[in-house]
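Thanks for making the time this morning. I would like to walk you through one model, and I will ask you to keep the structure on the screen while I talk.

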Amino acid sequence: MATTTSSGVKVPCNLQFLEELKEGKIIGDGTVSILQDDEDMTLTRWTGMISGPLRTIYENQIYSLKIGCGPKCPEAPLFVRFVTKINMNWVNSSNGMMDPRAISVLAKWQNSYSIKVVLQELWHLMMSKENMKLPQPAE
């Protein structure tokens with residue numbers, strides 16, 4: 001459950017993500033953000049937020065996600081689940097779970113990846129042709 005830095009030091013996955021949180025809760029232009037789960041003292045559960053991309057069916061919506069790192073992290077990909085109801089390819093409409101084989105960043109997971117990388121990939125997928133016109137569930 002660790003990643004190796006360029007100096008050869010192994011950093012546990014949960015501390016790697018904590019460092020990411022310290023770098024900024026709002027990332028880049030504010031399209032994605034990360035929050036620590038208040039009840040999680042092990043630093044293995046996180047909340048992600050994605051602001052729906054402009055000029056898409058997702059515009060003017062904030063999507064909440066639960067993100068978790070399992071015992072094999074960072075060698076194994078994160079677990080990602082939409083809490084906010086969303087109609088999107090590769091997302092189970094009944095429980096919000098993502099199919100990790102269908103999302104390239106999860107399917108080709110590398111131990112250097114971050115929560116930010118996952119959230120940004122999902123934001124970009126919201127703008128894909130196959131997702132842009134899907135009817136969305138009622139709020």
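Let me start with the aromatic pairs, of which this structure, a predicted model, holds three. Take the rings of Tyr58 and Tyr63, whose centres are 5.9 Å apart and whose planes stand at 75°, so this pair is edge-to-face, given that an angle over 60 degrees is what that label requires. If you look for solvent around Tyr58, its relative accessible area is 0%, so the residue is buried, and Tyr63, at 3% relative accessibility, counts as buried as well.

Tyr63 has a further partner, because it also forms an aromatic pair with Phe82, and here the centres are 6.4 Å apart while the planes make an angle of 85°, which is again edge-to-face. Which parts of the chain does this pair tie together? Tyr63 lies in strand β6, residues 62-68, and Phe82 lies in strand β7, residues 79-82, so the contact joins parts that are 19 residues apart in sequence. Phe82 is buried, as Tyr63 is, and through these ring pairs Tyr58, Tyr63 and Phe82 are linked into a cluster.

From Phe82 we can move to the largest nonpolar core, which has 29 residues. Within this core, Phe82 is one of the four residues that touch the most other members, the others being Ile50, Leu78 and Leu122. As for where the core comes from, at least two residues are supplied by each of β4 (32-36), β5, β6, β7, α2 and α3 (115-126), and the largest share, seven residues, comes from α3. As background, in soluble globular proteins nonpolar side chains tend to be buried together.

Tyr63 also takes us to a pocket, the second largest one, with a volume of about 160 Å³. Which residues line the second largest pocket? Besides Tyr63, the lining is made by Ile57, Gln61, Thr84, Lys85, Gln136, Pro137, Ala138 and Glu139, and when these residues are sorted by class, the lining has four nonpolar, three polar and two charged residues.

Turning to charged side chains, the structure holds one salt bridge, and this is where the side chains of Asp99 and Arg101 meet, with 3.0 Å from N to O. How accessible are the two partners? Asp99, at 25% relative accessibility, counts as partly exposed, whereas Arg101, at 70%, counts as exposed.

Finally, I would point you to two places in the backbone. Asn60 has a phi near 65°, a positive value in a residue other than glycine, and you will find Asn60 in the loop between β5 (45-51) and β6. Is Asn60 buried or exposed? Its relative accessible area is 73%, and since anything over 50% is taken as exposed, Asn60 is exposed. Trp90, which is not a glycine either, has a positive phi of about 75°, and its place is in the loop between β7 and α2 (104-107). With a relative accessible area of 30%, Trp90 is partly exposed.

To bring this back to the beginning, the residue I would keep in view is Tyr63, which belongs to the ring cluster with Tyr58 and Phe82 and which also appears in the lining of the second largest pocket.

Technical notes. Residues numbered from 1 in each chain as written. Predicted model: local features only at pLDDT ≥ 70, side-chain atom pairs only at ≥ 80, totals over all residues. Heavy atoms only, no water. Phe/Tyr/Trp six-rings, centres within 6.5 Å; stacked < 30°, edge-to-face > 60°. Buried < 20%, exposed > 50% of the residue type's maximum accessible area, 1.4 Å probe, protein only. Helix = DSSP H or I, 4+ residues; strand = E, 2+ residues; numbered from the N terminus. 1 Å grid on protein atoms, 1.4 Å probe; cavity = no way out; pocket = protein on both sides within 12 Å on 5 of 7 lines; lining within 4 Å. Points joined across faces, edges and corners; volume = space filled by probe spheres on them. Nonpolar A, V, L, I, M, F, W, Y, C, P; charged D, E, K, R; others polar. Salt bridge = Lys/Arg side-chain N within 4 Å of Asp/Glu carboxyl O. Core = buried A, V, L, I, M, F, W, Y, C linked by side-chain atoms within 4.5 Å.
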